[in-house]
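Here is a quick tour of a protein fold, written for someone meeting it for the first time. Keep the 3D view open and follow along.

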Amino acid sequence: MSLHGRVTATDVAIGAAFVVAAELEVWWKDLTPTWLAASAFVVLGVAVALRRAGPLLGLVVGLGALLAAVSGGVSLESPLTPLFFFVLVLYNVGLREERAMLGLGVAGVLMSAVLIVAHQDGQFPVSDIPFVTVVVCTPWFVGYAMRGKLRRSDELERRAERLEHERATAVADERARIARELHDVIAHSVSVMVVQAGAAEEVLKRSPEAALEPLRAVQETGRQALVEMSRLVGLLRETGQEIGLTPQPRLDELEELVASVEHAGLPVSLSLEGDRRRLPLGIELTAYRVVQEALTNALKHAGEASAEVRVRYEPDALLLEVLDDGPGANGYGGGHGLAGMRERVGVFGGEVTAGPRASGGFAVRVRLPVEEAG
């Protein structure tokens, strides 16, 4: 993975500031030949500006300028700006350069050449060796250490993006599935309306008063179909998925669902409370899917456990609870079932709460508002 960036306005500004400081040192410390020192320090400023976009290139360019300067007689014993060059450029070589070890080797070779050329008179101070070693290696090692943290941070960021993408995909898939099921609900309602209208027509021929009941049923079923249609249209605007036509389950089939889960190995008890009645098919379908999803995940993650399903009919809402007493506290094993459940319940303005139980196990609780009974 390349850690290189590009030369930004900030990089140029820092390079320009470095050149100004270096030229002031040339004048203040009377470095000679002046033209050569001034030119070499301008090149160092360019290398500083390149430190992020091309760390190794900046290092070679800067050290080449220093080598040319000392070859022409410029003394590097008093100026401080070259030290800042080493700190800035070598830090970025360690941090950003894929060939970081090569960069350290290049720095060692070129700095050795600079020292040798600078002391051609034979008076080579041995004390310069540890000093130069520290100047070269310290910023490189600091940058190289930070490189690992930068990579880990980048990996964590990519992982978070991947998880977010997976979550968004799971939600989109769930919305498409809900749309298909709502389509089936509407198709069922329309079919019922056709049958009831036909019955009303036959009854109307014999007894006009007796035809009122099937006509009211047509009206009620049509009203529910319009509600489901509005939800379906809202979903299709976002999903754009094709829809099918298959029978959809209702709450009457919870006993069969519980039996199938028990057959798979998870003991389940089912309790129904309140005034049990027929609800809009979309509500019943959503309730069934919630219980199905919760039991499936209990079966997968609860381990040696049992589960309990509670369904309570209230005048204005349907309450669902799916509880298990297993050792697994995460309930959904890191998957997207809970996100899909919230998406499904949210279509009807409902609420979902889920989490570990104080006594152990996991609990899923859902409230589905019910405007009218079917």
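Let's start on the surface: helix 4, which covers residues 81-96, gives the most to a nonpolar patch, with 3 residues. Keep in mind that this is a predicted model. From the patch we'll move to pairs of packed helices, then to a salt bridge, and finish in a loop with a couple of oddities.

**The nonpolar patch**

- The patch takes up about 510 Å² of surface, and its members are Ile14, Leu80, Leu83, Phe84, Leu88 and Phe131.
- If you're hunting for Phe131, look in helix 6, which runs over residues 128-206.

**Helix 1 with helix 4**

- To describe two packed helices, you give the angle between their axes and the distance between the axes.
- Helix 1 (residues 9-28) packs against helix 4 at an angle of about 150°, and the axes are 9 Å apart.
- Angles over 145 degrees count as roughly antiparallel, so helix 1 and helix 4 are roughly antiparallel to each other.
- On the helix 1 side, the contact uses Phe18, Ala21, Ala22 and Glu25, while helix 4 brings Thr81, Pro82, Phe84 and Phe85.
- Sort those contact residues by class and you get 6 nonpolar, 1 polar and 1 charged.
- Notice Phe84: this residue belongs to the surface patch and also takes part in the contact with helix 1.

**Helix 2 with helix 3**

- The axes of helix 2 (residues 34-49) and helix 3 (residues 55-71) come within 8 Å and cross at roughly 170°.
- That angle makes helix 2 roughly antiparallel to helix 3.
- Leu36, Ala40, Val43, Leu44 and Ala47 of helix 2 touch Gly58, Val61, Gly62, Ala65, Leu66, Ala68 and Ala69 of helix 3.
- This contact has 10 nonpolar residues, 2 polar ones and no charged ones.

**Helix 8 with helix 9**

- Helix 8 (residues 254-264) and helix 9 (residues 281-301) have axes that come within 11 Å and cross at roughly 10°.
- Angles under 35 degrees count as roughly parallel, so helix 8 and helix 9 are roughly parallel to each other.
- Leu254, Leu257, Val261 and Ala264 from helix 8 meet Tyr288, Val291, Gln292, Leu295 and Leu299 from helix 9.
- Here the split is 8 nonpolar, 1 polar and no charged residues.

**Salt bridges**

- Side chains of opposite charge can pair when their charged atoms come close.
- How many salt bridges does a search of the whole structure find? The count is 14.
- One to look up is Arg276 with Glu255, where the closest N and O atoms are 3.9 Å apart.
- That pair ties together distant parts of the chain, 21 residues apart: Arg276 is in the loop between strand 1 (268-274) and helix 9, and Glu255 is in helix 8.

**Oddities in one loop**

- Zoom in on the loop between helix 1 and helix 2, where you'll find Asp30 and Pro33.
- Asp30 isn't a glycine, yet it has a positive phi of about 55°.
- The peptide bond going from Thr32 to Pro33 is cis, and its omega is near -10°.

Conventions:
Residues are numbered from 1 along each chain as its sequence is written. This is a predicted model: local features need pLDDT of at least 70, side-chain atom pairs count only at pLDDT 80 or more; totals for chains, interfaces and linings use all residues. Side-chain values use heavy atoms; hydrogens and water are left out. Axes are lines fitted to C-alpha atoms, for helices over the stretch in contact, and angles run from 0 to 180 degrees between N-to-C directions. Helices (H or I, at least four residues) and strands (E, at least two) are DSSP runs, numbered from the N terminus. Angles under 35 degrees count as roughly parallel, over 145 as roughly antiparallel, 65 to 115 as roughly perpendicular and the rest as oblique. Contact means heavy atoms within 4.5 Å. Ala, Val, Leu, Ile, Met, Phe, Trp, Tyr, Cys and Pro count as nonpolar, Asp, Glu, Lys and Arg as charged, and the others, Gly among them, as polar. Patches are made of residues with over 30% relative accessible area and no salt bridge: like charges are joined within 9 Å, nonpolar side chains (Val, Leu, Ile, Met, Phe, Trp, Tyr) within 5 Å. Accessible areas come from the Shrake-Rupley method with a 1.4 Å probe; for residues, only the protein chains shown count as cover. A salt bridge is a side-chain nitrogen of Lys or Arg within 4 Å of a carboxyl oxygen of Asp or Glu.
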